[in-house]
Amino acid sequence: MSSPASSPRKTNEASAANSAAITFGGWLPRDLESPTTSAGLADALFEGNPDIVLVVDAEGRIAGANSRALKEYGYERRQLEGEPLEMLLPISARDRHTGHMQRYMKNPTVRAMGSCMNLQSRDALGNEFPVDVMLWPLNTGYSSYVIAVCHRLDAALARVHTQIHALIDNHRDHAVNLLDAEGLITTWNAGSERIYNLTASEVLGKNFAILFTPVQIAAGEPETHLEEARQNGESSRTTGWRNGEEDAFIWAETHVSCTRDSAGQVIGFTLMLRDLTTYRRGEEKLLEANRALAESEQRFRLMIKSVTDYAIYMLDPQGNIITWNEGAERNKGYTQEEALGRNFSMFFTPEALEAGLPAQELASAAEHGRYETENWRLRKGGERFWAMVTLTAIHGPDGELQGFAKVTRDMTMTKLVEDSQAQLAAEMEKRVAERTSQLASTVEELKTKNEEIEALVAMVTHDLSEKEVLLREVYHRVKNNLQVVQSLLKMGARTLPSLDARQAIETAVQRVHVMAMVHEHLYQTPDLAGLTLSSYLRDVVEGAIASNSEQPERIQLHFETDEIPIPLDYAIPLGLLANELVSNCLKHGLAHGRAGKISITARNIPGAMRLAVHDNGVGLPEGFDASKTTSMGLKLASSLAHQLGGKLSFSSASGCRIEADLTRLSLPRERAQPEPSSMAIPVRALALQQKKKGDSSKSLTREFCDPSSYLT
């Protein structure tokens with residue numbers, strides 16, 4: 001929103017000290033100095049910045065980034081936040097940059113763009129691009145940060161090169177040619193061909209002296225131009241007759257400039273010849289054309305300097321549209337023919353027109369030089385969009401108002417995301433408060449959810465097409481219920497004074513997590529007949545390491561698994577078995593954060609699936625007898641292996657190896673296409689059982705969630 005101008009506030013001594021003793025002489029309107037408005041100003045400078053803006057903490061890790069940074073680098077916030085800044089640099093420069101960053105953090109100072117801070121940056125796809133960097137240290141009183149503003153140079157250079165080539169190639173009134181260090185012609189533009197009536201094939205590689213008259217060649221004028229350019233950087237501008245089209249002479253201005261490399265060696269020259277014949281014939285027309293050209297260039301320069309983003313167009317002092325670009329056409333929906341000459345008030349909503357906002361914006365911009373706002377605007381057809389608008393007054397050399405430059409940026413998606421995030425935050429706060437006050441009714445809610453699941457199971461028998469839809473809902477809700485059980489167990493564990501009791505509950509939480517993981521995989525998989533062994537087993541093992549190891553990063557995992565489909569009847573016992581075996585490795589073989597390696601092998605052998613878990617830890621104690629162990633975990637593992645048709649065997653070579661051949665998980669020799677009635681889905685089996693026997697006493701939830709069913 002705009003605000004009336006007030007007296008400028010110059011940088012005081014305190015703020016200068018906080019900015020490394022550098023005074024820039026900037027100021028703000030007084031009503032932007034208050035805390036309530038400074039937050040909005042900071043957000044506008046951060047999110048509204050067209051360059052990449054990164055916030056780096058004292059440890060050199062990324063603490064914040066604007067939306068332009070996420071777009072340019074191709075990362076999401078979760079991928080950047082907390083990561084070292086070196087991830088945005090080329091791999092070859094990361095180690096070197098770490099040392100630079102540490103030295104800078106010891107004595108942070110402001111470094112402006114162009115101060116030898118040009119770097120190469122790297123996006124998520126591995127593409128590297130040059131950037132110019134500004135660094136600004138910031139101390140909040142609690143933490144120290146560095147604001148890094150990065151300006152991409154590759155796009156700017158490409159745009160400049162394109163503009164230069166377009167200017168040279170399309171300008172027919174100028175002959176612009178590049179010469180090598182010896183004066184040989186290396187480029188030939190359209191203006192050169194028209195003026196000299198020579199094609200590129202006729203002149204390229206020849207000395208530029210062929211463009212002078214015989215008299216000028218005899219007088220050594222070509223060599224004089226080159227020598228002056230070598231000595232002074234450019235030759236004096238001379239006018240005279242030159243060879244022109246169809247053997248005629250033209251009155252032209254000639255200028256030669258010298259080009260040197262970084263070592264100061266001459267690498268070539270630029271020869272520019274301007275045809276002034278028509279100007280001599282009509283000097284008055286020339287003056288008028290120059291004046292119009294100067295006004296046009298001045299207006300264009302002021303517009304480019306004032307606005308740099310998206311839909312850009314010019315207004316006359318009355319607010320009528322006089323220029324229109326492609327960005328405006330895409331943003332507003334109007335073509336150039338439809339927009340030129342019309343008043344910009346056509347983009348305002350009816351309520352804004354009724355309030356007189358178009359005239360107010362023009363008046364405010366004319367008075368203060370600039371007006372900014374965010375509000376609803378209209379596209380062609382009446383569609384509304386949330387726009388960030390900048391209106392800048394443009395004055396001529398005499399101070400007279402020439403018109404306005406207007407920039408409109410579509411911020412609809414940002415607005416929707418912000419509103420959605422605010423709504424979600426409010427809803428989450430409300431849900432947390434409700435959850436905290438309703439812990440006593442959790443059991444009743446679980447019963448209600450179980451009844452809903454049983455109702456869904458009863459509906460499965462009605463129609464086969466509805467079964468799969470409802471089945472996914474069942475898995476989803478069971479997973480949620482198990483997650484609630486985990487949460488309740490964790491909450492109860494925090495209040496227990498006994499360490500053994502807490503550890504027992506935490507072990508139970510991990511086992512419930514394994515059962516919940518089955519339903520999570522089933523909810524996500526397109527095939528409800530069973531689970532894929534490799535992904536399921538990896539998730540179970542990684543979860544066990546995260547829960548039982550003091551330093552998970554020191555554990556190396558090695559998987560060798562065949563792609564064996566796991567029927568749903570055996571998914572939970574298999575997951576619990578793998579969890580117990582890996583937990584045993586971490587608690588006994590690799591205890592107390594010890595580094596080591598755990599290998600998990602699951603191979604299909606004739607008549608069984610061979611599961612082996614091997615660690616390189618301390619190994620089994622001397623005289624170990626599995627049948628006499630008192631460990632609850634090993635007893636549970638033995639029971640689970642027995643349920644899967646196998647028996648655990650133990651060995652202690654290079655650590656501990658536990659192996660079992662599980663006969664109930666073997667692959668058939670010839671796989672046939674399963675018929676719908678024979679799919680190994682417990683819910684369907686339950687539905688058939690209910691249909692045949694009318695027995696509804698055992699619910700699906702109890703079948704999946706009762707641990708005793710896996711200890712038989």
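Q: Over how many bridges do strand 1 and strand 5 pair?
A: This is a predicted model, so local features need pLDDT of at least 70 and side-chain atom pairs count only at pLDDT 80 or more, while totals for chains, interfaces and linings use all residues. Residues are numbered from 1 along each chain as its sequence is written, and side-chain values use heavy atoms, with hydrogens and water left out. Strands here are DSSP runs (E, at least two residues) and helices are runs of H or I (at least four), numbered from the N terminus; two strands pair if DSSP finds at least two bridges between them. Strand 1 (52-57) and strand 5 (144-152) run antiparallel, and the count is six bridges.

Q: Which residue in strand 5 is the bridge partner of Val55?
A: Strands 1 and 5 sit in an open antiparallel sheet ordered 2-1-5-4-3. Across from Val55, the partner in strand 5 is Ile147.

Q: What angle does helix 5 make with strand 1?
A: Helix 5 (91-106) packs on the sheet, touching strands 1, 3, 4 and 5; contact means heavy atoms within 4.5 Å. Axes are lines fitted to C-alpha atoms, for helices over the stretch in contact, with angles from 0 to 180 degrees between N-to-C directions. For helix 5 and strand 1, that gives about 60 degrees.

Q: Which strands stand at the edges of the sheet ordered 10-13-12-11?
A: This open sheet has four strands with antiparallel pairing. Two of them have a single partner strand each, so one side is left without a neighbour in the sheet: strand 10 (311-315) and strand 11 (370-378).
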